[in-house]
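Here is a short tour of one protein chain, written to be read with the structure open beside it. Please keep the viewer at hand and follow along from section to section.

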Amino acid sequence: MTSSKFTDPPPTPYDPLPTYPQPPQQPQYIIVLPHYYRSPRQLLRVACRRYIYSAAVLILLAAAVFFFWPSDPDVSIARLRLRHLKIHTFPKIALDVTLDVTVRIRNKDFYSVNFRSVAVAIGYRGKQLGYVTSDYGKIRARASSYINATLELNDISIFSDIIPLIEDLARGSITFDTVTQIGGELGLFLFDIPIKGKVSCEIVVDTRNETISHQNCYPE
């Protein structure tokens, strides 16, 4: 009986891998820059530029506050006319006055104004004789509105001022004081800011022809 042996096959020859030359290593350089110093003129120029920018921003903010800050409306008397004046001596010293007033309200703001009422009062020698009020209204932004009011007083007793009244009648003129007030709100976005305006007038009435001979109005 014969035995057989398995022999390994002969190795397959391989060609050696080609060798490539390594690229030369790049040299590393370190650049040292000298410290840069600004000249005094350049420093002054930079500082001036910063100051100019800051001043411009402050001016813009101040202008915005000036234009958009809410203020009270201007109230003035556009027309004042005496329609009727009568003095009663019997059975008591009394006065009848009818006065037509046209009030001009100017809204200087960039928001609308809602006024509740406009009150016009008349007085004699510091004593209020009566007043009249108008209805609710609205003024647009940067606009004006005119309101007419008629103040009619009948049988107003002025017994406490009888002596000054006699002197005024003898002189031919009576001096009255009128006060016009406005109250309302300024519509600023979702907020209502209360505002008010007031103007006072001194009117001199000629008792002979029942006309206004002189008037002087000034805001308060």
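## The Asp206–Arg208 pair

Asp206 and Arg208 form a salt bridge, with their closest N and O atoms 3.7 Å apart. This is a predicted model, so please read every distance here as a computed value. The two partners sit in contrasting surroundings: Asp206 is buried, because its relative accessible area of 15% is under the 20% cut-off, whereas Arg208, with a relative accessible area of 65%, is exposed. The side chain of Asp206 also has a polar atom 3.0 Å from the backbone nitrogen of Arg208.

Asp206 belongs to strand E8, which covers residues 191–206. What does Asp206 contact, leaving aside its neighbours within four places in sequence? Its partners are then Gly172, Thr211 and Ser213.

## Salt bridges that link distant parts of the sequence

The count of salt bridges in the model comes to 8. One of them joins the side chains of Lys108 and Asp74, at 3.5 Å from N to O. Lys108 is in the loop between E2 and E3 while Asp74 is in strand E1, so this pair ties together parts that lie 34 residues apart in sequence. Both ends are partly exposed: Lys108 has a relative accessible area of 29%, and Asp74 has one of 30%. With Arg106 added, Asp74 and Lys108 are linked in a network of salt bridges.

Another salt bridge is made by Asp155 and Lys92, whose closest N and O atoms are 4.0 Å apart. Asp155 is in strand E6 and Lys92 in the loop between E1 and E2, so the pair ties together parts 63 residues apart in sequence. Here, too, the two residues are partly exposed, with relative accessibility of 43% for Asp155 and 40% for Lys92.

## Backbone features worth a look

Asp155 deserves a second visit for its backbone. Its phi is near 55°, a positive value in a residue other than glycine, and it lies in strand E6, residues 144–157. Arg125 likewise has a positive phi, near 55°, without being a glycine. Arg125 is placed in the loop between E3 and strand E4 (127–133), and with a relative accessible area of 45% it counts as partly exposed.

Where is the cis peptide bond that involves Pro91? It joins Phe90 to Pro91, with omega about 0°. Pro91 is found in the loop between strand E1 (74–88) and E2.

## Ala78 and its contacts

Ala78 is located in strand E1 and is partly exposed, at 46% relative accessibility. Not counting residues up to four places away in sequence, Ala78 touches Thr102, Arg104 and Tyr146. Ala78 and Tyr146 are 68 residues apart along the chain, yet 8.1 Å separates their C-alpha atoms.

## A nonpolar surface patch and an annotated span

Phe66, Phe67, Phe68 and Phe110 make up a nonpolar patch on the surface, and together they have about 470 Å² of accessible area. Phe110 is in the loop between strand E2 (94–106) and strand E3 (113–124). With 39% relative accessibility, Phe110 counts as partly exposed.

An unreviewed UniProt entry lists residues 51–69 as "transmembrane region". In the model, this span is 95% helix and 0% strand, and its end C-alpha atoms lie 26 Å apart.

## The chain as a whole

Stepping back, the protein chain has 2 helices and 9 strands. Along the sequence these follow the pattern α-β-β-β-β-β-β-α-β-β-β. Among contacts between residues at least 6 apart in sequence, 65% join residues at least 24 apart.

How many of the residues count as buried? The share is 30% of the 220 residues in the protein chain. The chain exposes about 16,600 Å², and carbon and sulfur atoms supply 59% of that area.

Notes:
Residues are numbered from 1 along each chain as its sequence is written. This is a predicted model: local features need pLDDT of at least 70, side-chain atom pairs count only at pLDDT 80 or more; totals for chains, interfaces and linings use all residues. Side-chain values use heavy atoms; hydrogens and water are left out. Patches are made of residues with over 30% relative accessible area and no salt bridge: like charges are joined within 9 Å, nonpolar side chains (Val, Leu, Ile, Met, Phe, Trp, Tyr) within 5 Å. Accessible areas come from the Shrake-Rupley method with a 1.4 Å probe; for residues, only the protein chains shown count as cover. Helices (H or I, at least four residues) and strands (E, at least two) are DSSP runs, numbered from the N terminus. Buried means under 20% relative accessible area, exposed over 50%, partly exposed in between (1.4 Å probe, protein chains only). A polar contact is a pair of N or O atoms within 3.5 Å; within protein, one must be able to donate a hydrogen and the other to accept it, and residues adjacent in sequence count only if both atoms are side-chain atoms. Contact means heavy atoms within 4.5 Å. UniProt positions are given in the numbering used here, feature names are shortened, and annotations may be inferred rather than shown by experiment.
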